[in-house]
Amino acid sequence: MRICVDAEKCEGHNRCFALAPELFEVDDLGLAKALNDGRVPPGLEDKADLAIANCPEFAIRIVEED
Amino acid sequence: MTERDPRDMRPREGCPVQDWATDFDVMDPDYIKDPAPVWRDLRERCPIAHTTRWGGAWLPTTYADVRDMARAAPTLSNRSPGVIPPAPELREMLIAEVKEFGSELPPISSDAPEHKPFKQLILPLFSPHAVERYRPFTEQLANDLIDRFIATGKADAAVDYAQQIPPRVIAHIIGIDPARADEFVEWVRGVLEEGQTNPEARMANRRHIRDFFQAMIDERRDGLRDDAISALMTAEVEGKRLSDYTIVGVCYLLLVAGIDTTWSSIGAALWHFGMTESDRKRMYAEPDLYPTAIEELLRFYSPVVMARRVLEPVAFGAAEMAPGEKVIMNFPAANRDPAVFEQPDEVVLDRTHNRHIAFGVGIHRCAGSNLARMEMDVALRVWFQRIGDFAVSDPDAVRWAGGQVRGPRIVPMRVTAA
Ligand code: HEM
Ligand code: SF4
């Protein structure tokens, strides 16, 4: 599974980071980036789904399903 | 319905709401206690309600409308985000100050393009990594507060705990002398609590706080320290240092935005657990629940509404808004919209689909959400660690406050040490 954060949509709520710190990094202004080029380590797919379903700006999407 | 002068801002005590669609009252005691039934009713028959009370306002109740309105900046302007209009004498003073010095409380009271640089100025102070620095202080504080009451077997979870945490944490971050923290907390409460209905108290306490910050700036002219006020003194916005008025305004905003909001969330969470045995037991048994439980409690008990001012004619659904009118950004109602949330009126501690907007949405989204979350996390974890069992001892004595910020202000609890 591979995910990405759309920088245009991200407003920096940091919900992704709060719920799945293994998968995201956020900068000083709160803008998020998917770690590891968005590749989700096996076993963390549920956390990726959780982050996606909690982002109020709809900024995280799946770019590659497994 | 009788016509009412829109400038008449006196509370209409003893004057019941006739129809929530055309006469809603955000200060109605039953609405403050539980607004959800009103929102359910309005969503079905009039999703954007209107009132002439409190200076007049529109009230959206669906997630889609609230989101669209948050994105409609600056047609819907942030220049006066207060839900209850300030008393006339304060209003005139504010207008005069804004003319002389610029936006009073940037970034919350500013629109684009002024908004962004101010927001970027404060965001680094409250990034997820920055706020972790304050976790040990917050844990110590929470433990000290519990030490004060645990042996007595009872506590007011709002007064003795929830309300003590945010003002002391923010005072610590700004750089306030701990010896003066109590005094400072009194002024803040004077503005936020008593000040809501008593304009003299509000102005007097506002003056104390502003003078206090000004004195802190003066003290630091010869030597900066490792605190937020020093950081603001060296910061630049568009190549220029900030004026003292602006630095004081930013610090003041951190107080009014970060204190009763967060204590309401902590208080509501404890009230919930104190009333709901099944959820209380789950928290003791399943510590992995904290992250989703906190988001769920933020959704369900969303404490904050903000206002917008209409600058140009604009329509949302059937609501035709005219310049000068006020719109209440009803984030709490959006968070109960059945079109977006399954079982919206139930607390589901492990809810996975939760795009709640308790912290707003769009460019004005809360700058302090990471701090608020850290404080909630610490306040709840320490409470559950130190207290073996607890329950609201007298539900009838519980009191809720509302208006701009909704949360319990009196929550008597029975507590047993762990
Ligand atoms: C649970 C606690 C909190 C809640 C529910 C909350 C909620 C909100 C909401 C809904 C807004 C959006 C306003 C709008 O759209 O006009 C906002 C803005 C803001 N909040 Fe919070 N807040 C909380 C805690 C804090 C804390 C702890 C701080 C800082 C110390 C803070 C600082 C701010 C600031 C500076 C803004 C203005 C951002 C802007 O206009 O761009 N808040 N908050
Ligand atoms: S939750 Fe969404 S908006 Fe917030 S930081 Fe993550 S990607 Fe950005």
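A residue is near a molecule if one of its heavy atoms lies within 4 Å of it. This is a predicted model, where local features need pLDDT of at least 70, side-chain atom pairs count only at pLDDT 80 or more, and totals for chains, interfaces and linings use all residues. Residues are numbered from 1 along each chain as its sequence is written, chains are lettered from A and ligands numbered from 1 in the order in which they are written, and side-chain values use heavy atoms, with hydrogens and water left out.

**Exercise 1. Describe the surroundings of ligand 2: how many residues surround it, and which are the closest?**

Step 1. Count the shell. Ligand 2 is surrounded by 13 residues.

Step 2. Name the closest. They are Cys10(A), His13(A), Asn14(A), Cys16(A) and Cys55(A).

Step 3. Sort by class. Ala, Val, Leu, Ile, Met, Phe, Trp, Tyr, Cys and Pro count as nonpolar, Asp, Glu, Lys and Arg as charged, and the others, Gly among them, as polar. The shell of ligand 2 then splits into 6 nonpolar, 4 polar and 3 charged residues.

**Exercise 2. Work out the shell of ligand 1: which residues come nearest, and which elements supply at least two residues each?**

Step 1. Start with the residues. There are 32 around ligand 1, and the nearest are His115(B), Lys119(B), Arg308(B), His364(B) and Cys366(B).

Step 2. Move to the elements. Helices (H or I, at least four residues) and strands (E, at least two) are DSSP runs, numbered from the N terminus. In chain B, helices H6 (115–122), H14 (244–258), H15 (260–275) and H19 (369–386) and strand E7 (306–310) each give at least two shell residues. H14(B) gives the most, with 4 residues.

Step 3. Sort by class. The shell of ligand 1 holds 20 nonpolar, 9 polar and 3 charged residues.

Step 4. Look for polar contacts (pairs of N or O atoms within 3.5 Å; within protein, one must be able to donate a hydrogen and the other to accept it, and residues adjacent in sequence count only if both atoms are side-chain atoms). The side chain of His364(B) places an N or O atom 2.6 Å from an oxygen atom of ligand 1. For a polar side-chain atom of Lys119(B), the distance to a ligand 1 oxygen is 2.8 Å. For an N or O atom in the side chain of Asn78(B), it is 3.4 Å.

**Exercise 3. Place Met321(B): where is it found, and is it buried or exposed?**

Step 1. Locate the residue. Met321(B) is in strand E9 (residues 319–321) of chain B.

Step 2. Apply the burial cut-offs. Buried means under 20% relative accessible area, exposed over 50%, and partly exposed in between (1.4 Å probe, protein chains only). Met321(B) has 3%, so it is buried.

Step 3. List contacts (heavy atoms within 4.5 Å). Beyond four places in sequence, the partners of Met321(B) include Ile48(B), Trp58(B), Met69(B) and Val327(B).

Step 4. Follow Met69(B). It is one of the buried residues of H4(B). Helix H4 (residues 63–70) of chain B is largely enclosed by the rest of the structure, because 6 of its 8 residues are buried.

**Exercise 4. Compare the settings of Gln164(B) and Gly324(B): in which loops are they found?**

Step 1. Take Gln164(B). Its loop runs between helix H9 (157–161) and helix H10 (165–174) of chain B. With 15% relative accessibility, Gln164(B) is buried. Its side chain makes a polar contact of 2.6 Å with that of Arg168(B). Leaving aside neighbours within four places, Gln164(B) contacts Leu141(B), Leu145(B), Val159(B) and Arg189(B).

Step 2. Take Gly324(B). Its loop lies between E9 and strand E10 (326–329) of chain B. Its 41% relative accessibility makes Gly324(B) partly exposed. Not counting residues up to four places away, Gly324(B) touches Arg309(B) and Val310(B).

**Exercise 5. Inspect the backbone: what is omega for the cis bonds from Ala73(B) to Pro74(B) and from Ala112(B) to Pro113(B)?**

Step 1. Read omega. For Ala73(B) to Pro74(B), it is near -5 degrees. For Ala112(B) and Pro113(B), it is about 0 degrees.

Step 2. Place the prolines. Pro74(B) is in the loop between H4 and strand E3 (76–77) of chain B. Pro113(B) is in the loop between helix H5 (88–101) and H6 of chain B.

Step 3. Check positive phi outside glycine. Phe58(A) has phi near 55 degrees, and Phe58(A) is partly exposed at 41%. Trp54(B) has phi near 50 degrees, and Trp54(B) is buried at 13%.
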